[in-house]
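Me: I have a new structure open and would like to learn how to read its features. Could you take me through them step by step?

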Amino acid sequence: MQTPSTFTEGPTRLGRDELAALVAADIPHGAFVNLGIGQPTLVSNYLDADSGVTLHTENGMLGMGPEAHGDEVDLDLINAGKIPVTELPGASYFHHADSFAMMRGGHLDICVLGAYQVSARGDLANWHTGEAGAIPAVGGAMDLAIGAKDTFVMMTLLTRDGQSKLVEACTYPLTGVGCVSRVYTDVAVFLIDREGGDGSVAVRETHGVTFEELEALVPVPLRRG
């Protein structure tokens, strides 16, 4: 367990871009990283030019840069979320099957995904809520979640009706079991013990709430981390 002295509290909740910048700052130099559809795609905009991070896309690219705007836009150059992106020097392109081989073969250091739920033991549910009429399409998320050495999640902590997305056990269909190591939310960053530990989740930092207020929001035991 980490010592309490590492825990910090911030004054305000984080917006999407602030959260993306926080995730980008935590990615180690030289890592190979996949950014999932949704909030995670914003991380590409906050990686320093000298970070040494190589971004991989599910649709077959290594060396993706930030989102493209204006004259930079090439409609043939998109990420898995169909957002126009730039390419960095040395970028390469390959078949979809080769991209999945990289994902499944353990060649990615980190993937950053969105989620509907994350359990205290690191189970991930991010593809289906069970709602009638919803299209079940897990896509490459399961390959990323299990194939990457670490899975980071970006999400709001609460649903629209105020329920915590960090839960004791997922009630939605799972994408991966015991795969999530960190959860970045608008109000806190959580560190997951994927070995199970004592069932508690470490809180590295909070934003706009105190640790005690966070405990009241989340239905799992928390500890300062």
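Reply: Gladly! Let us begin with pairing: two strands pair if DSSP finds at least two bridges between them. Helices (H or I, at least four residues) and strands (E, at least two) are DSSP runs, numbered from the N terminus. Here β3 and β4 pair in the antiparallel sense over two bridges. This is a predicted model, in which local features need pLDDT of at least 70 and side-chain atom pairs count only at pLDDT 80 or more, while totals for chains, interfaces and linings use all residues. Residues are numbered from 1 along each chain as its sequence is written, and side-chain values use heavy atoms, with hydrogens and water left out.

Me: Which residue of β4 does Thr57 stand opposite?

Reply: Thr57 faces Met61 there. The hairpin of β3 and β4 has three residues between the strands, and Gly60 in this hairpin takes a positive phi near 110°.

Me: Which other strand pairs with β4, and over how many bridges?

Reply: That is β5 (residues 85–93), which pairs with β4 over four bridges in the antiparallel sense. One bridge partner to look up is Glu87 in β5, which belongs to Met64.

Me: How do I read whether β4 is enclosed?

Reply: Look at relative accessible area: buried means under 20%, exposed over 50%, and partly exposed in between (1.4 Å probe, protein chains only). In β4, six of the seven residues are buried, so the strand is largely enclosed by the rest of the structure.

Me: Which residues of helix α2 are buried?

Reply: In α2 (residues 96–104) they are Ser99, Phe100 and Met103. To see how they are placed, take the directions from the helix axis to the C-beta atoms and find their arc. The buried residues of α2 fall within an arc of 95°, so they line one face of the helix. These residues pack against β3 (54–57) and α3, where contact means heavy atoms within 4.5 Å. Just after α2 you will find Gly106, with a positive phi of about 80°.

Me: What is the strand order in the open sheet of three strands?

Reply: The order is β8-β7-β10, with mixed pairing. At the edges are β8 (124–125) and β10 (166–167), each pairing on one side only. Strand β7 (residues 117–119) runs antiparallel to β8, and two bridges join them. Val118 has Leu124 in β8 as its bridge partner.

Me: Now for empty space: how do I tell a cavity from a pocket?

Reply: On a 1 Å grid over the protein atoms alone, a cavity is a set of points where a 1.4 Å probe fits but cannot get out; a pocket is an open set with protein on both sides within 12 Å along at least five of seven lines, and lining residues have an atom within 4 Å of a point. Grid points are joined across faces, edges and corners, and a volume is the space filled by probe spheres set on the points. The largest pocket holds about 790 Å³. Its lining has 35 residues, with Ile37, Gly114, Ala115, Tyr116 and Asn126 nearest the centre. β2 (32–35) and α3 (141–147) are the elements that give two or more residues to this lining.

Me: How many cavities of 30 Å³ or more does a search of the whole structure find?

Reply: The search finds one, with a volume of about 50 Å³. Residues lining this cavity include Asn34, Ile37, His56 and Met64, and β2 and β3 each supply at least two of the lining residues.
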